[in-house]
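Hi,

Here is the structure I promised to pass on. Have a look at it first, and my notes come right after.

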Amino acid sequence: MQQLIYFIQKYRYFLFFLLLQFIAINLVINNRSFHKSKFVNSANSFTGGFYNKINSITDYLHLNKENLLLINENLVLKNKVEKFSQLIAEIKSKKIDDTTSFKQRFYFIEGKIEKNQFGGNYNFLTINLGRKDSISNEMAVINSKGIIGITEHVSNNYSRVQSILNRNSKINARLKNSSYFGSLMWNGIDYNILQLLDIPRQAIIKSGDTIVTGGMSTIFPADIPIGKVIDTEEGSSIKRIVNIQLFNDMSNLKNIYVIKDFDKHEIMNLENNRNE
Amino acid sequence: MNKIRVFIWTVLILFLQILVFNNINFSGNINPYVYITFIFLFPLNKNRFIILFCAFLYGLTLDFFSDTGGIHASSLLIIAFLRLYFIKLFFKKNNIDYLLFDLHTETFGQVFNYVVTLTIIHHFILFSLDNFSFQNMGTVLLNTLYSSVFTLTLYFAGSYILREKQLN
């Protein structure tokens, strides 16, 4: 007993150091896995509110650029509205019996980025939408140019988004001109270039081909643009790595949309039943 | 420097780190981590519980703001623990000298060795934890080198400018 007390007294600083270090390493490990990071994140009301205050000042500096982006997007959407209004006029002339099949599946919620990060290996963003805006886990975050990430941790007013620039991120993507699909990942080197893996060997890929989301998951709707192919690294093995230049500049993001999928539960239930 | 001034400086540096230095991203991902000045400013004391606990909280605050889990807390804690050994090694100081110890009054060569060693240790641990695997060790070493140069330049420039002001 005496020996033990002597030991503790002699190494008391080192033991205290080990205790704190253990807590810190635990937090690091928890932060690496999706959904487990409940404690240390910037989506809580203090840090989220802090970034909110700072952003309300810096927003003014980028108003011109953001306006231009929004005007361009409006132009595209207006053209689409014109096209669809003609289609609707055509449909209305015919009789419709089943109205349930005409319901909306995806709903867009607009928001802003409070904190952007692209320097590390595991990047996260904070957005100013939370549970009060009916955001939940695993919802897609996009902007007018392409995909940004997936919501991961939601508080009342803010949520944390796992960026596509995160080594844990894995997103279903396909070629626009054919239906071959693979998974989109990031190797942590350049924040403008992502890697498309697991794409079948028979798929013909040329540089300049457009990559869009595959729509195989319940998170991202199909056909959202991602980027274009720069080159392919073809090894002797099955592994084929396609480098993709993003349409988005991930270092310069402001306005975003979160996509809510109304059919998510239905699809999830169906898939779970089949597995049993 | 008295304790209130140290406190104000450390809080100021923390906000500078969150708002400015975390967003520099020079050529992709090189940032200075000037917040380790906390370890150099913190007054020496024989009782090490205070600095260990403060370093942990300081690093954790930064982790909250930058979504990094606990890597800043962990790496800051390690240099907080190692600090006294390096002070003994480079400055040949004993427990009695701690009260009057001030980095500004020491010779530049010794201060340089002390600051450079702690900075490189901190940055290496920080980037290893951020990488969290034995792959890409080359990237970790390169990042350590670049960021250390960046941090040290800012630290020495800053401390030089502020010291001049105090004399006037």
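Below is what I found, starting with chain B and ending with a bit of chain A.

Some housekeeping: this is a predicted model, where local features need pLDDT of at least 70 and side-chain atom pairs count only at pLDDT 80 or more, while totals for chains, interfaces and linings use all residues. Residues are numbered from 1 along each chain as its sequence is written, chains are lettered from A and ligands numbered from 1 in the order in which they are written, and side-chain values use heavy atoms, with hydrogens and water left out.

Chain B has six helices and zero strands (DSSP runs numbered from the N terminus: H or I over at least four residues for a helix, E over at least two for a strand). Its radius of gyration is 16 Å, which agrees with the value near 15 Å for a compact globule of 168 residues (taken over C-alpha atoms; the rule is 2.2 Å times the number of residues to the power 0.38). Those C-alpha atoms fill a box of roughly 45 × 35 × 30 Å along the principal axes. Of the 168 residues in chain B, 52% are buried (under 20% relative accessible area, 1.4 Å probe, protein chains only).

Over in chain A, strand 1 (residues 106-115) runs antiparallel to strand 12 (residues 255-261), joined by seven bridges; pairing takes at least two bridges in DSSP. Here A:Phe108 has A:Ile259 as its bridge partner. Strand 1 of chain A also pairs with strand 2 (residues 122-127), antiparallel over two bridges, and A:Ile113 partners A:Ile127 there. Six residues sit between strands 1 and 2 of chain A in this hairpin.

Cheers

Key. Buried means under 20% relative accessible area, exposed over 50%, partly exposed in between (1.4 Å probe, protein chains only).
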